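Q: Please choose one part of this model and look at it closely, then follow the picture outward into the rest of the fold. I would like a careful, connected account rather than a list.

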Amino acid sequence: MRLRHLAPIAALALACSSVLAATPAVQREEVGTRISENIPAIPPALVEQLNRYQNTRGAGFVGWTEGDCMLVSTRFAETIQVHRVCQPLGMREQLTFYPEPISTGRVAPTGSGLDGFVFGKDVGGNEFWQLHWFDLATRNATLLTDGKSRNQSPTFSLDGKQLAYSSTVRNGKDVDVWVLDMATRQPRVVVSEGGQWSAEDFSPDGKRLLVTRYVSATESYPGEVDLASGKLTLFPVDGGKAAFSGFRYAPDGRSVYFVSDEPVHGKPSEFKTLRHHDPARGTLTELSAGIPWDVEDFTLAKDGRHLAFVTNEDGISKLHVRSLPDHRPVAAPTLPVGVIGGLDFSPDGQHLAVTLNTATSPSDVHVLDLGTGAVTRWTRSEVGGLDASKFVTPALVRYPTFDKVDGRRRTIPAFYYRPANIPKGTKVPVVISIHGGPEGQSLPTFNPTAQFLANELGVALLVPNVRGSSGYGKTWLGLDNGAKREDSVKDIGALLDWIAKQPELDPSRVGVQGGSYGGYMVLSSLMHYSDRIRAGVDIVGISHFGTFLRNTESYRRDLRRAEYGDERDPEMAKVFERISPLNHADRITSRLFVAQGKNDPRVPYTEAEQIVKAVRGNGQPVWYLLFADEGHGFRKKTNVDYYSAATMLFWQQHLLGDDAEK
């Protein structure tokens, strides 16, 4: 789901912060691991008003365990941890208690003799995850990896004897595939070809392993490893280049299921569809043919009788079930309109667990009975005591942008959270929220910030999926690549034009916010449209593509070059100099708030500090927030609460009311 979140070390963060010493007039506050500059004290009334929105929570499905129980991930203190639930709406038993959030949970196969799960955990958001084994019988956790490298995507063999995972342990740059013997705890590398590799699935007999090399959102290379000989065989790719994901062996252990936009029988494929390939018969079956949308995820029942997959249709998830091996459609129970996350069949194959998130309800786990069609809710997460009936449901709108397709204006999809009961003749302020990626996609999921803006501040929220977003086909995905980077910024300019034409929206009170690549979009939008945007919030954003690519972690540098361009190419370097906000900070005259995690391995904190320094150097005041115990985004509740309160204060001061002048 793309929904698709200590010990004081302020002295260390201070020593590393050039901004703090650069401007003597800056008002700085240090509290624990938080350093804030020019951010006023948060009024107690705002803290109280936000409290209920900040105490909403969700629960995500992790996996089925022995005894018909399941593991879920949720937060009851500072961070997301693993909990066990053994009946619908039953007690949640917390199993892990770490100050750092838990990720990448994988439950050992039922019937394997292993009773436990593997989880990942990093330190301070640095994303150098270490894999641990949690034994449910003893309640002990054991470190499985070296404690230093980046390790992720654990995958068990059917008998539980082997665990495959990806790791940078060999040289710190390449991501290899390793296989761990769960009895001896001895790992061995099985793919070390260079690049970014991941394990997909063990064959039923545990002798072969499907693997994929990822290059970009539009380019992957699948293959199979013979685990006895170590021989890697790459599969041929029709057309030479395509996106692949989710390779799984069929129950027969011979054929495979996978998702790809590879041409089918010579015919180009715009979307990623679910396919079944039987090499013995030489047949390729496209299971989602006729559905002009991407397949997001799929899973196979362990009894070999059913397959379920999810399509992303204009941001809404649709569940499909097929019988095996004939691939006939099976009536799937009706779920509320929303976004489906992790899904998996129960060990007996009779039930399907899904994580469901809607615009007015946070993530929760639902279980579908394939025999009766009943849907049973297993978790019910809190909404902070708020009246959920008053939550705003976003509408999907499309607005025209600057260029044309087949003689007609291209349109951009956006989700519009509109405050209820706007008095006639009243124009409300607007915040534009831009996703990262840039290959991400904004979805109509539960968003407490959107609900607070709409219901408490009377602010509309617009969430566009500008060109370059996933979910709308490979052509759309490539419209912002390389030298076309600023075309996506022009899509924001077109949205400003659209806002000006809406009778209920105030074009003189527009703000923009975004994280990661969305942070770059914020800075670039302010660079181009400061005359039409009052204020912007940049979270862990890129301020110069050249410095970003030079300083991002080495294991991901080539991945980002495939999307943004290679800074070593003189022509591309010229483009970066022309489009990077750092070089045009004098054009940013709107109020700016920059928030950053000190341990960010993706967008280094230096990207934030250099834009703060540059904008301040032009006489513009900037709010700056640095968390020394966070990385690419904020995951600890105390930090998230402070950041969200500071952001709402920023909007109150610089977007709302008579004092919101630049």
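A: **Strand β12 and its surroundings**

In this predicted model, Gln-162 stands opposite Asp-181, a residue of β13. That pairing belongs to a longer contact, since strand β13, residues 176-181, is joined to β12 by six bridges and the two run antiparallel. On another side of the account is strand β11, residues 151-156, which pairs with β12 over four bridges, again in the antiparallel sense. Within that pairing, Phe-156 has Leu-163 of β12 as its bridge partner. In general, the strands of a sheet pair through backbone hydrogen bonds, in either a parallel or an antiparallel way.

The strand itself spans residues 162-167 and is mostly covered, with six of its six residues buried. Gln-162, Ala-164 and Ser-166 point one way from β12, while Leu-163, Tyr-165 and Ser-167 point the other way, and the residues of both sets are buried.

The connection from β11 to β12 deserves its own look. The two strands form a hairpin with five residues between them, and Gly-160 in the turn has a positive phi of about 75 degrees. Ser-157 also has its place in the loop between β11 and β12. The relative accessible area of Ser-157 is 1%, and because buried means under 20%, Ser-157 counts as buried. Leaving out residues up to four places away in sequence, Ser-157 touches Pro-109, Gln-162 and Phe-202, and one of these, Gln-162, is the residue that stands opposite Asp-181.

Elsewhere there is another antiparallel arrangement, an open sheet of four strands in the order β23-β24-β25-β26. Its edge strands are β23 (294-300) and β26 (329-330), each of which pairs on one side only. Strand β25, residues 316-323, runs antiparallel to β26 and is joined to it by two bridges, and in β26 the bridge partner of Arg-322 is Pro-329.

Turning to covalent links, a search of the whole structure finds one disulfide. The disulfide is formed by Cys-69 and Cys-86, whose sulfur atoms are 2.0 Å apart, and with 105 degrees about the S-S bond the link is right-handed. Cys-69 lies in the loop between β3 (59-64) and β4 (70-75), and Cys-86 in the loop between β5 (80-85) and β6 (93-94), so the pair ties together parts that are 17 residues apart in sequence. The two ends do not share one setting: Cys-69 has a relative accessibility of 7% and therefore counts as buried, whereas Cys-86, at 43%, counts as partly exposed.

Aromatic rings come next, and the search of the whole structure finds 29 aromatic pairs. Among them is the pair of Phe-61 and Trp-64, which is edge-to-face, with 6.0 Å from centre to centre and 65 degrees between the planes; Phe-61 is buried, as is Trp-64. The rings of Phe-117 and Phe-119 have their centres 6.0 Å apart and their planes at 45 degrees, so this pair is tilted, and both of these residues are buried. Phe-593, Trp-623, Phe-627, Phe-634, Tyr-643, Phe-650 and Trp-651 together form one aromatic cluster. Lysines also meet ring faces: Lys-121 lies over the face of Tyr-98 at 4.9 Å from the ring centre, and Lys-490 lies over the face of Phe-402 at 5.0 Å from the ring centre.

Finally, the nonpolar interior can be described through its cores. The largest nonpolar core has 71 residues, and those with the most contacts inside it are Leu-307, Ile-432, Trp-498, Ile-499, Leu-505 and Phe-545. Helix α7, residues 517-529, gives the most to this core, with eight residues. A second core, separate from the first, has 41 residues and includes Leu-50, Phe-452, Ala-595 and Met-648. Returning to Ile-499, and leaving aside its neighbours within four places in sequence, this residue is in contact with Val-430, Ile-432, Leu-462, Leu-505, Pro-507 and Val-510. Two of those partners, Ile-432 and Leu-505, are themselves among the residues with the most contacts inside the largest core.

Key. Residues are numbered from 1 along each chain as its sequence is written. This is a predicted model: local features need pLDDT of at least 70, side-chain atom pairs count only at pLDDT 80 or more; totals for chains, interfaces and linings use all residues. Side-chain values use heavy atoms; hydrogens and water are left out. Buried means under 20% relative accessible area, exposed over 50%, partly exposed in between (1.4 Å probe, protein chains only). Two strands pair if DSSP finds at least two bridges between them. Rings of Phe, Tyr and Trp (its six-membered ring) pair if their centres lie within 6.5 Å; planes under 30 degrees apart count as stacked, over 60 as edge-to-face and the rest as tilted. A charge sits over a ring if NZ of Lys or CZ of Arg is within 6 Å of the ring centre and within 35 degrees of the ring normal. A disulfide is a pair of cysteine sulfur atoms within 2.5 Å. A nonpolar core is a set of buried Ala, Val, Leu, Ile, Met, Phe, Trp, Tyr and Cys residues joined through side-chain atoms within 4.5 Å. Contact means heavy atoms within 4.5 Å.
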